[in-house]
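Me: I would like to learn how to read the surroundings of a bound ligand. Could you walk me through an example?

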Amino acid sequence: MTYQWNPLLYLKPESEEKLALVLLNQPLPTDRKLFKVLWSKALLKIAVDGGTNHLYNTHIHNREEYLPDLITGDFDSIQPYVKSYYEEQSVEIVETPDQNSTDFTKALKAASDKIKEKEIKSVIVLGSFGGRLDHIFANINSLYEASEITDAQIILISVDTVAFLLQPGQHTISVDPQTCAEWCGLIPVGEPCNSVTTTGLKWNLDKQRLKFGDLISTSNTLESESTNIVAVETDATLIWTMGIITEKEEDIVYQMEEGVTEMSLKLKKN
Ligand SMILES: Cc1ncc(C[n+]2csc(CCOP(=O)(O)OP(=O)(O)O)c2C)c(N)n1
Ligand SMILES: O=c1ccn([C@@H]2O[C@H](COP(=O)(O)O)[C@@H](O)[C@H]2O)c(=O)[nH]1
């Protein structure tokens with residue numbers, strides 16, 4: 001099977017790709033243009049448990065402009081006053097108490113009908129890296145679980161990293177020298193790959209085996225001067241990751257605590 005990926009398209013305001021945005025429990029990158037672009041383009045916005053606290057605390061002056069469509073989670077992290085605020089704003093809230101699955105995976109399940117109805121092609125997951133290592137592995141595991149939940153492409157991102165799961169088959173990945181950092185990697189997390197072939201990289205693979213404890217392809221480099229496409233053929237599931245360059249916003253309004261005054265914000269800015 002052949003798959004096409006253009007993960008950086010979603011970061012461009014002019015693109016018309018149908019996307020959903022998931023906010024995990026990590027600080028929001030509101031100091032980057034990326035956040036506003038993704039928020040304004042997303043047809044479906046899902047805040048996952050403690051991710052809702054970050055949304056609430058970040059947009060203290062214009063919270064009502066930043067209402068998610070859905071809040072999910074086992075609610076061990078969301079602050080009660082944050083939950084009450086969004087309840088009062090009539091945001092849909094779905095409790096997912098099962099403790100054998102992560103809040104992120106359960107959020108994908110809770111949103112899967114909406115993703116289908118809205119014909120969403122990609123789910124961009126903000127806050128996927130940083131924080132605890134077990135959470136990061138769990139987020140990667142959710143990529144494997146997601147193929148049973150939705151047909152949409154799931155793309156994990158943070159301010160400097162993108163990752164997604166390549167199923168066995170042929171993949172073309174569009175890369176753009178303006179928004180891609182040079183580094184990339186092919187990581188056989190879930191299982192060894194017996195045969196991986198690539199083009200468009202500095203260290204290409206030719207029907208090679210990738211396996212933990214042996215060769216895994218980290219600190220590889222895009223050869224994007226000669227081509228804006230990386231091609232990967234793999235016989236087994238494989239994580240693709242690469243660096244992204246995200247521009248900074250000029251005006252930063254970020255405050256974690258309640259009860260912020262104009263004066264304290266001014267002091268923070270100065
Ligand atoms: C073998 C096994 N290990 C660990 C767990 C515990 N566990 C797995 S997923 C999950 C829910 C995690 O919730 P999430 O909100 O994703 O993460 P949190 O921030 O609460 O750690 C729990 C408790 C389990 N059920 N089974
Ligand atoms: O450091 C972290 C913390 C959390 N996540 C992801 O967010 C959801 C919700 O987390 P809660 O702590 O329950 O609010 C969790 O399922 C993880 O996917 C994370 O990636 N890193």
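Reply: Happy to; we will take the two ligand sites in turn, keeping in mind that this is a predicted model.

Me: Which residues come nearest to ligand 2?

Reply: A shell counts residues with a heavy atom within 4 Å of the ligand. Here 16 residues surround ligand 2, and N25, Q26, G50, S77 and N139 come nearest. Helix 4 (103–117) and helix 5 (133–146) each supply at least two residues of that shell.

Me: How does the shell around ligand 2 divide by class?

Reply: Sort the residues by side-chain character. Around ligand 2 there are 9 polar, 4 charged and 3 nonpolar residues.

Me: What polar side-chain atom lies 3.3 Å from an oxygen atom of ligand 2?

Reply: Look for N or O pairs within 3.5 Å. That atom belongs to D49. The side chain of N25 also places an N or O atom 3.0 Å from a ligand 2 oxygen, while F104 uses a backbone N or O atom, at 3.2 Å from an oxygen of the ligand. Overall, the protein covers 90% of the 450 Å² of accessible area that ligand 2 has on its own.

Me: And which residues are around ligand 1?

Reply: The same reading gives D74, D76, Q99, N100, S101, T102, D103, R132 and H135. By class, 5 are polar, 4 are charged and none is nonpolar. Polar side-chain atoms of D76 and D103 lie 3.2 Å and 2.8 Å from an oxygen atom of ligand 1, respectively. Taken alone, ligand 1 exposes 600 Å², and the protein buries 50% of that.

Key. Residues are numbered from 1 along each chain as its sequence is written. Chains are lettered from A and ligands numbered from 1 in the order in which they are written. This is a predicted model: local features need pLDDT of at least 70, side-chain atom pairs count only at pLDDT 80 or more; totals for chains, interfaces and linings use all residues. Side-chain values use heavy atoms; hydrogens and water are left out. A polar contact is a pair of N or O atoms within 3.5 Å; within protein, one must be able to donate a hydrogen and the other to accept it, and residues adjacent in sequence count only if both atoms are side-chain atoms. Accessible areas come from the Shrake-Rupley method with a 1.4 Å probe; for residues, only the protein chains shown count as cover. Helices (H or I, at least four residues) and strands (E, at least two) are DSSP runs, numbered from the N terminus. Ala, Val, Leu, Ile, Met, Phe, Trp, Tyr, Cys and Pro count as nonpolar, Asp, Glu, Lys and Arg as charged, and the others, Gly among them, as polar.
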